[in-house]
Number of protein chains: 2
Amino acid sequence: MTIRLLLGDDEVLVRGALAALLSLEPDLSVVAEASSGTEAAALAPAVRPDLAVLDLEMPPGDGLAAAAEIRARLGVPVVLVTRHARPAILRRALAAGVRGFVPKTTPAVRLAAIIREVHGGRRYVDPDIAAAALNERPCPLTARELEVLRATRHGAPVSEIARAVHLAPGTVRNYLSGAMAKLQAPTRHAAARTAWEQGWI
Amino acid sequence: MTIRLLLGDDEVLVRGALAALLSLEPDLSVVAEASSGTEAAALAPAVRPDLAVLDLEMPPGDGLAAAAEIRARLGVPVVLVTRHARPAILRRALAAGVRGFVPKTTPAVRLAAIIREVHGGRRYVDPDIAAAALNERPCPLTARELEVLRATRHGAPVSEIARAVHLAPGTVRNYLSGAMAKLQAPTRHAAARTAWEQGWI
DNA sequence: GAGCCGTGCTGACATTTGTCATCAGTACCC
DNA sequence: GGGTACTGATGACAAATGTCAGCACGGCTC
């Protein structure tokens, strides 16, 4: 009895290659492919796969929302594949009900085994990321600080950030100042960069 | 007679998947794999592949330098695979002697055919990118402006940029001002972002 | 040779940004 | 009830940044 897979990745070439890789296994078959999170979520109810393998980075929006929806609405277990495997992201993924968390540094030959594990009801989490997640410094930023930093990422001036977040410019500067102090960054752009690298935004 | 391939990609999972994809073809065989540009360049002389398939984004450094070296030293044709397929990057790739330019939006089934084309002595360039390259606006920035923008990308303050580029802070501000005007960006960070998205830095 | 452009610098100026103190309301915990 | 933390704001101040003009040099072209 074969495990029927839904495969989601925005890079067609990578998706096709992953499909080829998984098709080498006699007990796995890719029954649907999606280029975005929304497409994956839309396809899942019709296809009813046994398991979904989704890339985390699928603009527009992230694969995480799709993963959460697919799991919640259909009870289909989801394995997330990601390029930027940060502890904070793992945390969010687990909170969303993801059953497998696989960074792209994982050897290709192990993917099939991981899929079988997860399909068998177990979880799989990359051991390195898990270890890092256990002794990471927790995110020191507040919700508003994160929101303001998010709006900072595209290089916009403070006035524009203030409009985007519906705050007074002075308040925005205060939050930015706090975030910069906590992150020991010389400018808000450096702070936004660090926060992003940590997976906090 | 099979075509012997050197495969370079920093993401092990993707590299393995691509290897699986290409191994499905009877006339292709992956004889070596590399995780970085330098590793690929180091492996090539010993392995002497018929063709190299390299990812453009392979930190540290880009795959472009490795591609140029492999082609120049061994005469091995190179197919570049890339996520950010910008006209400016295509231009640089062609200048480096790359024979094939494949964005990751290419259907996986066509990769083998492209490899055979290039191995047969022809070139392959993604038609969309090529078309875009023909009527793109040329980069309006000068060499120094580009250099200063490059140093801007990590969110460093002007003083630091000045040290990195060996210029007076005032001069740096002038170049940045010029670049921002040409790119119609409100801040230097926005300008650096645009320049990067265009493939200019 | 004159004109243009890129490079590199300075100084002056306005604006933006970062820092800090302060205030007020809300929520939460001890 | 008091302490603490987050939110949201204002005002004042210093530093960084952006803008502009001007000057000098070298290379290039017409």
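This report covers the contact between two chains, their sheets, and some local backbone features.

The model is predicted: local features need pLDDT of at least 70, side-chain atom pairs count only at pLDDT 80 or more, and totals for chains, interfaces and linings use all residues. Residues are numbered from 1 along each chain as its sequence is written, chains are lettered from A and ligands numbered from 1 in the order in which they are written, and side-chain values use heavy atoms, with hydrogens and water left out.

**The interface**

The size of an interface is often given as the accessible area lost when the parts come together. Chain A and chain B bury about 2,400 Å² between them, 70% of it on carbon and sulfur atoms. Buried area is the accessible area (1.4 Å probe) that two parts lose on being put together, summed over both. A:Leu13, A:Lys104 and A:Arg193 supply 25% of the area that chain A buries against chain B, more than any other three residues. Chain A gives 30 residues to the contact and chain B gives 28 residues. Contact means heavy atoms within 4.5 Å.

Two salt bridges run between chain A and chain B. A salt bridge is a side-chain nitrogen of Lys or Arg within 4 Å of a carboxyl oxygen of Asp or Glu. One pairs B:Glu11 with A:Arg83, the closest N and O atoms being 3.3 Å apart. There are also 13 residue pairs in polar contact between the chains, both residues at pLDDT 80 or more. A polar contact is a pair of N or O atoms within 3.5 Å; within protein, one must be able to donate a hydrogen and the other to accept it, and residues adjacent in sequence count only if both atoms are side-chain atoms.

Which elements give two or more residues to the side of chain A that touches chain B? They are helix H1 (12–23), strand S5 (100–103) and helix H10 (188–197) of chain A. Helices (H or I, at least four residues) and strands (E, at least two) are DSSP runs, numbered from the N terminus. H1(A) gives the largest share, eight residues.

**The sheets**

Chain A has an open sheet of six strands in the order S2-S1-S3-S4-S5-S6, with parallel pairing. Two strands pair if DSSP finds at least two bridges between them. Two bridges join S5(A) to S6(A). A:Phe101 has A:Val125 in S6(A) as its bridge partner.

Chain B also has an open sheet of six strands, ordered S2-S1-S3-S4-S5-S6, with parallel pairing. Strand S2 (28–34) and strand S6 (124–125) of chain B stand at the edges with a single partner strand each, so one side of each lacks a neighbour in the sheet. Strand S1 (residues 3–8) of chain B pairs with S2(B) over six bridges. B:Arg4 has B:Ser29 in S2(B) as its bridge partner.

**Within the chains**

Over all chains, the whole structure has 22 salt bridges. A:Glu33 forms one with A:Arg15, the closest N and O atoms being 2.8 Å apart. This pair links strand S2 and helix H1 of chain A, 18 residues apart.

Most residues other than glycine have a negative phi, and most peptide bonds are trans. A:Arg48 has a positive phi, near 50 degrees. A:Arg48 lies in the loop between helix H2 (37–47) and S3 of chain A. The cis peptide bonds below involve prolines.

| Cis peptide bond | Omega | Place of the second proline |
|---|---|---|
| A:Pro59 and A:Pro60 | about -5 degrees | A:Pro60: loop between strand S3 (51–55) and helix H3 (63–74) of chain A |
| B:Pro59 and B:Pro60 | about 0 degrees | B:Pro60: loop between S3 and helix H3 (63–74) of chain B |
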